[in-house]
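Hi,

Here is the structure I said I would pass on. Have a look at it first, and my notes follow underneath.

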Amino acid sequence: LEQAVLEGRLHLAIGCFNHQLSGLHYQALFEEEQNLYCGRGHPFFARPDEHFTDEEIGAADYVDRGYMLESRRPHKLRFGNSVSAFSMEAIATLIASGTCIGYLPTHYADIWVARGMLRVIAPQRLRYNAAFHSITRQGQVPTESLAKLMQALQAAKHSVTLNSSTQV
């Protein structure tokens, strides 16, 4: 996405970017909670969270996001055996199969957790928030439609911020 915006193939992109490239303007939009999950058939499924060590978690087969150049992992977890998937659905399917552990957005996985198909692994220790941004090329003069889209994104961000701060 970043390369496409830099090259002018896209006017704007939205994503989770773990770094900031020169030549791009990054505008923070929202954060999304991520948790580490395993499926019902996985050996971790029935174990209490306090029994997991980082070494044991790192030794488990892991599914990563093949579309990201780098993955943010709390505590610098290192996974020895990993497979890459290129969609959230594929990642969730591999985790639900019980063969791999992996990170999913909490809101995305909630329905499978409620159905008893997935379980969060040590959320108090391994959860993190991923920051999402919109990006545009620096120095780009926005078209009218792009300017309106950018205004709408900022208005939505402001609305979400206001709603979040008023909930107790």
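In what order do the elements of the protein run from the N terminus on? The order is α-β-β-α-β-β-α-β-α-β-α-β-α, which comes to six helices and seven strands. Helices (H or I, at least four residues) and strands (E, at least two) are DSSP runs, numbered from the N terminus.

Before you dig in, two housekeeping notes. This is a predicted model, in which local features need pLDDT of at least 70 and side-chain atom pairs count only at pLDDT 80 or more, while totals for chains, interfaces and linings use all residues. Residues are numbered from 1 along each chain as its sequence is written, and side-chain values use heavy atoms, with hydrogens and water left out.

**The whole chain**

The C-alpha trace spans about 55 × 40 × 25 Å along its principal axes. Of the 168 residues, 37% count as buried; buried is under 20% relative accessible area, exposed is over 50%, and partly exposed is in between (1.4 Å probe, protein chains only). The protein exposes about 9,800 Å², with carbon and sulfur atoms supplying 55% of that area. Those areas come from the Shrake-Rupley method with a 1.4 Å probe, and for residues only the protein chains shown count as cover.

Contacts here are heavy atoms within 4.5 Å. Taking the contacts with a separation of 6 or more, 68% are between residues 24 or more positions apart.

On charge, the protein has 15 positive and 16 negative charges, and their mean positions are 2 Å apart. Lys and Arg count as positive and Asp and Glu as negative, with His and the chain ends not counted. Each charge is placed at NZ of Lys, CZ of Arg, CG of Asp or CD of Glu.

**S1 and S7**

Strand S1 covers residues 13-16 and pairs with S7 in the antiparallel sense over four bridges. (Two strands pair if DSSP finds at least two bridges between them.) In a regular strand the side chains alternate between the two faces of the sheet. Along S1, Ala-13 and Gly-15 point to one face and are buried, whereas Ile-14 and Cys-16 point to the other and are not.

Ile-14 is worth clicking on. Ile-14 counts as partly exposed because its relative accessibility is 39%. Opposite Ile-14 in S7 stands Ser-134. Leaving aside neighbours within four places in sequence, Ile-14 is in contact with Leu-1, Leu-29, His-133, Ser-134 and Leu-153.

Over in S7 (residues 128-137) you will find Thr-136. Thr-136 has 7% relative accessibility, so Thr-136 counts as buried. Its contacts, again without neighbours within four places in sequence, are Val-5, His-11, Leu-12, Gly-23, Leu-24, His-25 and Met-150. Ile-14 and Thr-136 are 122 residues apart along the chain, with their C-alpha atoms separated by 9.3 Å.

**S3 and S4**

Strand S3 (residues 62-65) has Tyr-62 and Asp-64 pointing one way and Val-63 and Arg-65 the other way, and all are buried. S3 pairs with strand S4 (residues 82-85) in the parallel sense over four bridges. Ser-82 in S4 is the bridge partner of Tyr-62.

**Aromatic pairs**

How many aromatic pairs does the structure hold? There are six. One of them is Phe-44 with Phe-52, which is edge-to-face because the ring centres are 4.8 Å apart and the planes are at 65 degrees. Rings of Phe, Tyr and Trp (its six-membered ring) pair if their centres lie within 6.5 Å; planes under 30 degrees apart count as stacked, over 60 as edge-to-face and the rest as tilted. Phe-44 and Phe-52 are both buried.

**A few single residues**

Ala-122 lies in the loop between strand S6 (118-120) and helix H5 (123-126). Most residues other than glycine have a negative phi. Phi of Ala-122, though, is positive, near 40 degrees. With 0% relative accessibility, Ala-122 counts as buried.

Arg-115 sits in the loop between helix H4 (106-114) and S6. Arg-115 counts as exposed, at 55% relative accessibility. Arg-115 and Ala-92 are 23 residues apart in sequence and 14 Å apart in space, C-alpha to C-alpha.

Last one: Ala-90 is in helix H3 (residues 88-96) and counts as partly exposed, at 29% relative accessibility. The C-alpha atoms of Ala-90 and Ala-4 are separated by 24 Å, with those positions 86 residues apart along the chain.

Cheers
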